[in-house]
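Work through the exercises below with the model open. Try each task before reading its solution.

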Amino acid sequence: MNNKFKNYFFIIIAGVLLHPLVLAQTTLNFTNAAATGNIGPTGSQVNTAYDGTTLDDAVTINTQGIQEWTVPATATYTIETYGAQGGRSYLLNTSTWHDGGKGAKAIADFSLTQGDVLKILVGQQGVEYANNQRGAGGGGGTFVVLSSGTTLLMAAGGGGGAGDYAYDGHGNSGTSGSVGGNNSGNTGGYPGGSSGHGGDNSSYAGGGAGWFSDGDYSSYGRGGKKFSNGGQGGIGYSGNGSDGGFGGGAGSY
């Protein structure tokens, strides 16, 4: 067995790491491989991102955006996951930005067996306001799934996209995501999903996806897709909306 794989692992799964982490044990950093928008990274992007790292040639993709990694040794693994931030939007006729909600963080220990395959979806940030678009897209959730694709180990919700460009003062910053997929205290928004289900839509924006179901959709913004349906972010309304981030983020109007 390669000497770098021994006894205890720390796995970080996040689109962007805000602070470097120095640890005595082996640390594996799974990222979005610089992919953006509602579609996850390709195999080529992942190979480029991990070239020369501990994950070099250790990650494969059979479904775009879903990274597969084989557990190299029976051991205790600490897995830390981050959902993606929602997209930002700005106040009309000013340079004042409303930030998207922050993604949730989850951390836990797991006993994994050599040969287990983890399927990892790293959430991507919701698309921000652009041109004459209004609300920003929701951030994608991050999911860690065991082998068959049906056993969820961890999920960290993405943050809500910022409200529309605040014409006449309306529009709010996004609401932060939650770890377990329960409702959050939205202000002026619509409820998130509960017990792992996708979120509701408003009359304009779609809902974020959960583990069990896609996000709800409206005539203007589509809901995000759940993991088993590919995890794509929802599509924003043509010409006036922003896409949700990969990981089931909601599309906006």
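**Exercise 1: An aromatic cluster**

Phe30, Tyr50, Trp69 and Tyr77 form one aromatic cluster. The model is a predicted one.

Task: Classify the ring pair of Trp69 and Tyr77 as stacked, tilted or edge-to-face.

Solution.
- Step 1. Two numbers are needed: a pair of aromatic rings is described by the distance of the centres and the angle of the planes.
- Step 2. The ring centres of Trp69 and Tyr77 are 6.2 Å apart. The cut-off for a pair is within 6.5 Å.
- Step 3. The planes stand at 75°. Angles over 60 degrees count as edge-to-face, so the Trp69 and Tyr77 pair is edge-to-face.
- Step 4. By this rule, the count of aromatic pairs comes to six.

**Exercise 2: Burial**

Task: Decide whether Trp69 and Tyr77 are buried or exposed.

Solution.
- Step 1. Take the cut-off: buried means under 20% relative accessible area.
- Step 2. Trp69 has a relative accessible area of 2%, so Trp69 is buried.
- Step 3. Tyr77 is at 0%, so Tyr77 counts as buried too.
- Step 4. Set this against the chain: buried residues make up 45% of the 253 residues in the protein.

**Exercise 3: The cores**

Task: Find the residues with the most contacts inside the largest nonpolar core, and the elements that give two or more residues to this core.

Solution.
- Step 1. The largest nonpolar core has 23 residues. Those with the most contacts inside it are Phe30, Leu55, Val59, Trp69, Tyr77, Ile79 and Leu118.
- Step 2. Two or more residues each come from strand E2 (26-30), H1, strand E5 (75-82), strand E8 (105-112), E9 and E11.
- Step 3. Look around Val59. Leaving out residues up to four places away in sequence, Val59 touches Phe30, Val46, Asn47, Tyr50, Gln67, Glu68 and Trp69.
- Step 4. Another core, of seven residues, lies apart from the largest one; among its members are Phe143, Trp211, Phe227 and Phe246.

**Exercise 4: The five-stranded sheet**

Task: Give the strand order of the open sheet of five strands, then place helix H1 on this sheet.

Solution.
- Step 1. The order is E3-E4-E9-E10-E11, with antiparallel pairing.
- Step 2. Strand E3 (59-63) and strand E11 (151-156) are the edges; each pairs on one side only.
- Step 3. Neighbouring strands of this sheet are turned by 25° against each other on average, direction ignored.
- Step 4. Helix H1 (residues 43-50) packs on the sheet and touches E3 and E4. The direction of H1 makes about 165° with that of E3.
- Step 5. Check one pairing. Five bridges join E4 (residues 66-70) to E9 (residues 117-121). Gln67 has Ile120 as its bridge partner in E9.

How values were computed: Residues are numbered from 1 along each chain as its sequence is written. This is a predicted model: local features need pLDDT of at least 70, side-chain atom pairs count only at pLDDT 80 or more; totals for chains, interfaces and linings use all residues. Side-chain values use heavy atoms; hydrogens and water are left out. Two strands pair if DSSP finds at least two bridges between them. Helices (H or I, at least four residues) and strands (E, at least two) are DSSP runs, numbered from the N terminus. Axes are lines fitted to C-alpha atoms, for helices over the stretch in contact, and angles run from 0 to 180 degrees between N-to-C directions. Contact means heavy atoms within 4.5 Å. Buried means under 20% relative accessible area, exposed over 50%, partly exposed in between (1.4 Å probe, protein chains only). A nonpolar core is a set of buried Ala, Val, Leu, Ile, Met, Phe, Trp, Tyr and Cys residues joined through side-chain atoms within 4.5 Å. Rings of Phe, Tyr and Trp (its six-membered ring) pair if their centres lie within 6.5 Å; planes under 30 degrees apart count as stacked, over 60 as edge-to-face and the rest as tilted.
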